[in-house]
Amino acid sequence: MIRVGLIGYGYWGPNLLRNFALAPQFQVVALAERKLESRHNASRNYSAVDVLEDASELIARSDIDAVVIATPLETHFTLTREALNRGKHVLVEKPISASTAEAEELVALARRVDRVLMVDHTFLFTGAVRAIRDVAKSGALGKICYFDSMRVNLGLFQPDVNCLWDLAPHDLSVIDYVLQDEIVAVEASGYCHVNHNMPDMVYLTLHYASDAIAHLNLSWMSPVKVRRFAIGGTRQMLIWDDLDHDQKIRIYNTGIEFHPDSERVTIIPQYRIGDIYSPRVPQQEALAGVVEHFANVISGKERSIMDGESALKVVRVLEQAQKRLEASLAAVAARRESRHAIDRKTGT
Ligand SMILES: NC(=O)c1ccc[n+]([C@@H]2O[C@H](COP(=O)([O-])OP(=O)(O)OC[C@H]3O[C@@H](n4cnc5c(N)ncnc54)[C@H](O)[C@@H]3O)[C@@H](O)[C@H]2O)c1
């Protein structure tokens, strides 16, 4: 039995605690949460769990083998480092840290102290992503040409991270899991409608070594929630609509036929419109899979698919994208300002 402690009982923490409490491999020993009301809620729901205020007190306990961190991003690095230094296995929420340098330090530390460092990229344990990976791996899609993701909603505005750092980790972890390719260029632009310097809409484009391109439309400013992810392959195309309960994945036997250059008499492409197939997607809660995986990795039964190294890759892209985003915001602001200056001069 792995004895576990959870830090952070806000929005996501209760989902983690529920799944850890149900898992036969774990015993939830303690929880640390700063807010009094949340501590009261936790005590009401889990009378056998010690509810504390101070995270360091939880981390220091000798009756805890593993620590789960579900606090805001700015705390991930310090809490994870503290827990690893105390010899605990760690499952930390995504993204692993606020910078590449921090993520590198955590990965190196986990290796040095020989503890498991895992990051909760929950989507990797959804039935849909498992099915997508199987389809892609089987070669049924052909060579992957593009990913196109729309992850938009009205909010939820986060106080500490912009919509890039909040939403992109999901798509980045999924694409990395499915494509396993190197990114050669990153472009990003966006807009701050609500809070100055806090983009609430971001368009992110990634160029891969294999010629594939990924475009992510991320927004907290949409009137409706959309979770639509498309993959275009040379043989088939796939749409994953995460909000569609019955047909989350549709595979289109549709594409464009390419003829060798020598046979081409015209550049008009040949369209192939074929059948649509919707594989059955298991409906189990993804977090239950994450929790089971954490146990199996700790006990050496599985290699992690969401380890520190893969989480570091995600943060590397986020950091590059953040730089491009800031450059784009500054360039647009400068152009707008010079335009306004002309208007002021001409009195228009
Ligand atoms: N994997 C997913 O699909 C998913 C979904 C939602 C959120 N998250 C991640 O979970 C993390 C938390 O997000 P949230 O929406 O639950 O935030 P939240 O603000 O609702 O909850 C965080 C809680 O942590 C507590 N806290 C902060 N610092 C603490 C400390 N040092 N000691 C004890 N308690 C502390 C706060 O009081 C708060 O209650 C974020 O990293 C977020 O990205 C992941």
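Visitor: What makes the pair formed by a side-chain atom of Thr122 and a nitrogen atom of the ligand a polar contact?

Guide: This is a predicted model, and here a polar side-chain atom of Thr122 lies 2.7 Å from a nitrogen atom of the ligand. A polar contact needs a pair of N or O atoms within 3.5 Å, so a pair at 2.7 Å qualifies.

Visitor: How much of the ligand does the protein bury?

Guide: The ligand exposes 840 Å² when taken alone, and the protein buries 83% of that.

Visitor: How do you know that Trp12 and His76 make polar contacts with the ligand too?

Guide: We can use the cut-off of 3.5 Å again. A polar backbone atom of Trp12 is 2.8 Å from an oxygen atom of the ligand. For His76, an N or O atom of the side chain is 3.1 Å from an oxygen atom of the ligand. Both values fall within 3.5 Å, so both pairs count as polar contacts.

Visitor: Which residues come nearest to the ligand, and what kinds of residue make up the shell?

Guide: There are 20 residues around the ligand, and those that come nearest are Tyr11, Trp12, Glu33, Glu93 and Thr122. The shell divides into eight nonpolar, six polar and six charged residues.

Visitor: How many aromatic pairs are there?

Guide: The count comes to eight aromatic pairs. A pair of rings is described by the distance of the centres and the angle of the planes.

Visitor: Why is the pair of Tyr11 and Trp12 called tilted rather than stacked or edge-to-face?

Guide: Let's take the distance, then the angle. The ring centres of Tyr11 and Trp12 are 5.9 Å apart, within the 6.5 Å limit, so the rings pair. Their planes make an angle of 40°. Stacked would need under 30 degrees and edge-to-face over 60, so this pair is tilted.

Visitor: Why is Tyr11 called exposed, while Trp12 is called partly exposed?

Guide: Tyr11 has 67% relative accessibility, and exposed means over 50%, so Tyr11 counts as exposed. Trp12 has 27%, which lies between 20% and 50%, so Trp12 is partly exposed.

Visitor: Which residues form an aromatic cluster?

Guide: Phe123, Phe147, Phe229 and Trp240 form one aromatic cluster.

Visitor: What makes you say that the charged end of Arg130 sits over the ring of Phe125?

Guide: The charged end of Arg130 is 4.5 Å from the centre of the Phe125 ring. The distance limit is 6 Å, so 4.5 Å passes that part of the test. Arg133 likewise lies over the face of Tyr177, at 4.5 Å from the ring centre.

Visitor: Where is Asp244, and why is it called buried?

Guide: You will find Asp244 in the loop between strand E12 (237-241) and strand E13 (249-252). Its relative accessible area is 19%, and buried means under 20%, so Asp244 counts as buried. The side chain of Asp244 also reaches the backbone nitrogen of Gln247 at 2.9 Å.

Visitor: Why is Phe20 called buried and Tyr203 partly exposed?

Guide: Phe20, in helix H1 (residues 13-22), has a relative accessible area of 2%, so it is under the 20% limit and buried. Tyr203, in strand E9 (residues 201-208), has 32%, so it falls between the limits of 20% and 50% and is partly exposed.

Visitor: Where are the cis peptide bonds of Pro95 and Leu156?

Guide: One joins Lys94 and Pro95, with omega about -15°. Pro95 is in the loop between strand E5 (89-93) and helix H5 (100-113). The peptide bond from Gly155 to Leu156 is also cis, with omega near -10°. Leu156 lies in the loop between strand E7 (144-154) and helix H7 (163-179).

Visitor: What is the phi of Asp114, and why is this residue called exposed?

Guide: Asp114 is not a glycine, yet its phi is positive, about 55°. It lies in the loop between H5 and strand E6 (117-120). Its relative accessible area is 60%, over the 50% mark, so Asp114 is exposed.

Visitor: And what about Gln180: what is its phi, and why is it called exposed?

Guide: Gln180 has a positive phi of about 45° although it is not a glycine. You can find Gln180 in the loop between H7 and strand E8 (183-191). With a relative accessible area of 56%, over 50%, Gln180 therefore counts as exposed.

Conventions: Residues are numbered from 1 along each chain as its sequence is written. This is a predicted model: local features need pLDDT of at least 70, side-chain atom pairs count only at pLDDT 80 or more; totals for chains, interfaces and linings use all residues. Side-chain values use heavy atoms; hydrogens and water are left out. A residue is near a molecule or strand if one of its heavy atoms lies within 4 Å of it. A polar contact is a pair of N or O atoms within 3.5 Å; within protein, one must be able to donate a hydrogen and the other to accept it, and residues adjacent in sequence count only if both atoms are side-chain atoms. Accessible areas come from the Shrake-Rupley method with a 1.4 Å probe; for residues, only the protein chains shown count as cover. Ala, Val, Leu, Ile, Met, Phe, Trp, Tyr, Cys and Pro count as nonpolar, Asp, Glu, Lys and Arg as charged, and the others, Gly among them, as polar. Rings of Phe, Tyr and Trp (its six-membered ring) pair if their centres lie within 6.5 Å; planes under 30 degrees apart count as stacked, over 60 as edge-to-face and the rest as tilted. Buried means under 20% relative accessible area, exposed over 50%, partly exposed in between (1.4 Å probe, protein chains only). A charge sits over a ring if NZ of Lys or CZ of Arg is within 6 Å of the ring centre and within 35 degrees of the ring normal. Helices (H or I, at least four residues) and strands (E, at least two) are DSSP runs, numbered from the N terminus.
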